[in-house]
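Here is a structure to read together, one feature at a time. Have the viewer open and follow along.

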Amino acid sequence: NYFPKIMSGTICTPEGAERALLAGCTHIRVGVGSGSACTTRIMTGCGLPNLTAVYRIYKYLSSKYDKDSFALVADGGIRSPGDAVKYLAAGAKGIMLGNVLSRAKESAGWLKNRETGTVYKEYRGQASFAFQQERLDIENPKHVEGVTCGVIYPEYTVKEIVAHYENSLRSAISYLGLDSIHDLVPENVTFVKVTANGLKEGMPHGKII
């Protein structure tokens, strides 16, 4: 039987997730102010660190409802495959890759420089000043909650991006001693706080030749 899938707007609290679920949403999008071109937290003070939000919401909903009755979708804050792995481990069933996929050769919006032949586009938030002017036909936007991140160029194909994330996910599953992606859930992992020095240690710091 066909079962319609309805995704909520962005939320970041367990209470907001529950309201969305009870209203009929099957997929709950988590992420307020975490997008790479978003300034919502700066402009409004609203929002939560998104990994924390996903984890809290998963714990709350799974304690009251069947885990198969909802799917959390993490929106924003993904800079690398490792970020995606953490979201899935925190309880997300899916992720959104706006910035990453915008650089795919197949993505929409590419422009071509007539003189050089270079293909490019600007990456910007949908609440940015430029987007509101151009796409919403607002001459002088009164409120802005996004920025224009500058010019980007096509770097990869969608197939290459998906393969990159899939391979990293497989490696993470092996490190964690799990059998499959279905085992990558909060009940099977432990999260720890990382200090600034710990974060630095995890970055490449050997001599590059």
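Q: Let's start with Cys38: how does its relative accessibility class it?
A: This is a predicted model, so keep that in mind as we go. Buried means under 20% relative accessible area and exposed means over 50%, with partly exposed in between. Cys38 has a relative accessibility of 29%, so this residue counts as partly exposed.

Q: Where is Cys38 found, and which residues does Cys38 touch?
A: Look in the loop between S1 and H2. Leaving out residues up to four places away in sequence, Cys38 touches Gly33, Glu145 and Gly146.

Q: How far apart are the C-alpha atoms of Cys38 and Ser107?
A: They are separated by 20 Å, with their positions 69 residues apart along the chain.

Q: Now Thr39: is this residue buried or exposed?
A: Thr39 is at 12% relative accessibility and therefore counts as buried. Thr39 lies in the loop between strand S1 (27–30) and helix H2 (40–44).

Q: What does Thr39 touch, not counting residues up to four places away in sequence?
A: The list is Val144, Glu145, Gly146 and Val147. Zoom in on one of these: the Thr39 side chain reaches the backbone nitrogen of Gly146 at 3.0 Å. For a long-range pair, try Thr39 and Ala163, which are 124 residues apart in sequence and 31 Å apart in space, C-alpha to C-alpha.

Q: Can a charged residue be read in the same way? Take Arg124: where does it lie, and is it buried or exposed?
A: Arg124 belongs to strand S5 (residues 119–124). Its relative accessible area is 18%, so Arg124 is buried.

Q: With which side chain does the side chain of Arg124 make a polar contact?
A: The partner is the side chain of Glu134, at 3.2 Å. Beyond residues up to four places away in sequence, Arg124 touches Ala37, Ala130, Phe131, Glu134, Arg135, Val147, Thr148 and Cys149.

Q: Let's move to helices. What describes two packed helices?
A: The general idea is to give the angle between their axes and the distance between the axes. Here, take helix H1 (residues 14–22) and helix H3 (residues 50–64): their axes come within 9 Å and cross at roughly 50 degrees. H1 and H3 are therefore oblique to each other. Their crossing is right-handed.

Q: Which residues make that contact between H1 and H3?
A: H1 supplies Pro14, Ala17, Glu18 and Leu21, while H3 supplies Arg56, Ile57, Tyr60, Leu61 and Lys64. Sorted by class, the contact of H1 with H3 has six nonpolar, no polar and three charged residues.

Q: How does the helix geometry help in reading such a list?
A: An α-helix has 3.6 residues a turn, so residues three or four places apart point the same way. Keep that in mind while looking at the H1 residues in the contact: Pro14, Ala17, Glu18 and Leu21.

Q: Which residues in H1 are buried?
A: They are Pro14, Gly16, Ala17, Glu18, Ala20 and Leu21. What covers the buried residues of H1 includes S1 and H3.

Q: How many residues of helix H4 (residues 81–89) are buried?
A: Seven of the nine residues are buried, so to read H4 is to read a mostly covered helix. The buried ones are Pro81, Asp83, Ala84, Val85, Tyr87, Leu88 and Ala89. They pack against H3, strand S2 (71–75), strand S3 (92–96) and helix H7 (158–175).

Q: What should I know about the sign of phi?
A: Most residues other than glycine have a negative phi. In this model, Gly24 follows H1 with a positive phi near 115 degrees. Just after H4, Gly91 has a positive phi of about 125 degrees. Asp137 is not a glycine, yet its phi is positive, about 60 degrees.

Q: Where does Asp137 lie, and is Asp137 buried or exposed?
A: Asp137 sits in the loop between helix H6 (129–134) and strand S6 (148–152). At 69% relative accessibility, Asp137 counts as exposed.

Q: Finally, zooming out, how many helices and strands does the protein have?
A: There are eight helices and six strands. Along the sequence, they follow the pattern α-β-α-α-β-α-β-α-β-β-α-β-α-α. The C-alpha trace spans about 55 × 50 × 45 Å along its principal axes, and 34% of the 209 residues count as buried.

Technical notes: Residues numbered from 1 in each chain as written. Predicted model: local features only at pLDDT ≥ 70, side-chain atom pairs only at ≥ 80, totals over all residues. Heavy atoms only, no water. Axes fitted to C-alpha atoms, helices over the stretch in contact; angles between N-to-C directions. Helix = DSSP H or I, 4+ residues; strand = E, 2+ residues; numbered from the N terminus. Parallel < 35°, antiparallel > 145°, perpendicular 65-115°, else oblique. Left-handed = near helix turned anticlockwise from the far one by under 90°. Contact = heavy atoms within 4.5 Å. Nonpolar A, V, L, I, M, F, W, Y, C, P; charged D, E, K, R; others polar. Buried < 20%, exposed > 50% of the residue type's maximum accessible area, 1.4 Å probe, protein only. Polar contact = N/O pair within 3.5 Å; in protein donor to acceptor, adjacent residues only side chain to side chain.
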